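Trainee: I would be grateful for a close look at a single part of this protein. Please take me through it step by step.

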Amino acid sequence: MGSRRQTNQRRKPGNGRGVAASISSGREFRTQYIRRRSQLLRENAKAGHPPALRRQYLRLRGQLLGQRYGPLSEPGSARAYSNSIVRSSRTTLDRMEDFEDDPRALGARGHRRSVSRGSYQLQAQMNRAVYEDRPPGSVVPTSVAEASRAMAGDTSLSENYAFAGMYHVFDQHVDEAVPRVRFANDDRHRLACCSLDGSISLCQLVPAPPTVLHVLRGHTRGVSDFAWSLSNDILVSTSLDATMRIWASEDGRCIREIPDPDGAELLCCTFQPVNNNLTVVGNAKHNVHVMNISTGKKVKGGSSKLTGRVLALSFDAPGRLLWAGDDRGSVFSFLFDMATGKLTKAKRLVVHEGSPVTSISARSWVSREARDPSLLINACLNKLLLYRVVDNEGALQLKRSFPIEQSSHPVRSIFCPLMSFRQGACVVTGSEDMCVHFFDVERAAKAAVNKLQGHSAPVLDVSFNCDESLLASSDASGMVIVWRREQK
């Protein structure tokens, strides 16, 4: 109490400059609060508790928190969403400008946040333990689940993925394929798509009518892939013209053009999920490169060679594992060094010799129905493949497959963002039969949940917005359709 009275006395008007500084700077107040809190925690620690009792308390506390909130958070969860809000307060573009002011400020590391390096095996065990403790027929009771059920409705999976029809059709890229369409992160109404005509469109769906805000031009050949940064302030694109470009999403200007280190066609790209200063690209000369977008140079030790042209890339949520697929049917896993950006080749899986791997999507599930970290793969086999991640080095084990039509086109698939909190778990894929297919990965028989018809060419990519109210799909003729889900 004495310390508290002294603190209050320092805040009185009579204290002059000290009070003015405290009022003018919330940062100083936060620092003072943190110091006082740490002091109180140290005083409580000195009071002493039997070590065995404290260990027991921490163990029980961990179990209760795991049962109440789930062992790990998912991308798209409330925790991940709040983190994205914090990250957006300091955008990727801000960090790039800081680096240009002082190149020594970042080095290869850039701005990083701490990440748990927990075992995949331990994660699966924890998820199963939570499941086994629940009554039969119930889902893991997380706070996020309540919000997810409110958006999805307490209906069957088939009813959840019933669609009312087309919300809008974008045709600005007609006559050239649109290989990639993506909603912005944690966004309901902002959409981007790239085309083999060499341009990228940034679209806004609300307010009506939906409009094309910007068309990003600069690549001299087709755009093969692009990705949004976590804060959505920039996009990175790769092209058959052997360059990658960094774009500002606000006004569509090109910030930087970076040539491929090998001078080869660039076929795919992805941001490192916890350090958006680093982007991984795959090229036609069989190489994967980690690129620092602030310097425009590849990271030392951040390159590796595959057996074929690199067509697909995906990180796990913590950014510790990277998978890359090539046009000869192999999927490689790499350990990613969070401090340096170095890649270490870990495992190789031959999905099917000679069958191009056109899409890889990683997801760590925390639910009763689908408890293990998993990978969704398209590989020109007329099947959509679901693999289980079985160890810390990214080794894969086939879990099941789903029938689609894909023998030659670069078809992609996704996990539904809210599926972890439902009775069932759904994935969506394009197909060469000109349809969008939905499958329940936990349904033993008749896994097909829905099929959307409306395209007049093979469907190449699909993307949900953050609350699953809208789904976008693109096809080989350049058409992009935005579908509206029925409201229950």
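In what sense do β14 and strand β15 pair, and over how many bridges?

Mentor: The model before us is a predicted one. In it, β14 and strand β15, the latter covering residues 321-326, pair in the antiparallel sense, and the pairing runs over 5 bridges. In general, strands of a sheet pair through backbone hydrogen bonds, in either a parallel or an antiparallel manner. One partnership can be located on the structure: serine 314 has tryptophan 323 of β15 as its bridge partner.

The connection between the two strands deserves attention as well. β14 and β15 form a hairpin, with 5 residues between them. In that turn, glycine 319 has a positive phi of about 80 degrees.

Consider next how β14 is covered. This strand comprises residues 310-315, and 6 of its 6 residues are buried. For the protein of 488 residues, 50% count as buried. Phenylalanine 315 illustrates the point: its relative accessible area is 8%, and because the cut-off for buried is under 20%, this residue counts as buried.

Phenylalanine 315 also leads us beyond the hairpin. A search of the whole structure finds 6 aromatic pairs. Among them is a tilted pair formed by tyrosine 161 and phenylalanine 464, with 6.0 Å from centre to centre and 50 degrees between the planes. Tyrosine 161 lies in the loop between α9 and β1, while phenylalanine 464 belongs to strand β26, so this pair ties together parts that are 303 residues apart in sequence. Tyrosine 161 counts as buried, at 0% relative accessibility. Phenylalanine 464 is buried too, with a relative accessible area of 8%.

The pair that involves our strand is formed by phenylalanine 315 and phenylalanine 336. Its geometry is edge-to-face, with 5.4 Å from centre to centre and 85 degrees between the planes. Phenylalanine 315 is in strand β14 and phenylalanine 336 in strand β16 (residues 330-336), so to speak of this pair is to speak of a link between distant parts of the chain, 21 residues apart. Phenylalanine 336 is buried, and its relative accessible area is 3%.

To place this part in its setting, note that the protein contains 9 helices and 28 strands. Among contacts with a separation of 6 or more, 54% are accounted for by residues 24 or more positions apart. In summary, β14 is a strand whose residues are buried, which pairs with β15 in the antiparallel sense, and which holds one ring of an edge-to-face pair, that of phenylalanine 315.

Conventions:
Residues numbered from 1 in each chain as written. Predicted model: local features only at pLDDT ≥ 70, side-chain atom pairs only at ≥ 80, totals over all residues. Heavy atoms only, no water. Helix = DSSP H or I, 4+ residues; strand = E, 2+ residues; numbered from the N terminus. Buried < 20%, exposed > 50% of the residue type's maximum accessible area, 1.4 Å probe, protein only. Contact = heavy atoms within 4.5 Å. Pairing = 2+ DSSP bridges. Phe/Tyr/Trp six-rings, centres within 6.5 Å; stacked < 30°, edge-to-face > 60°.
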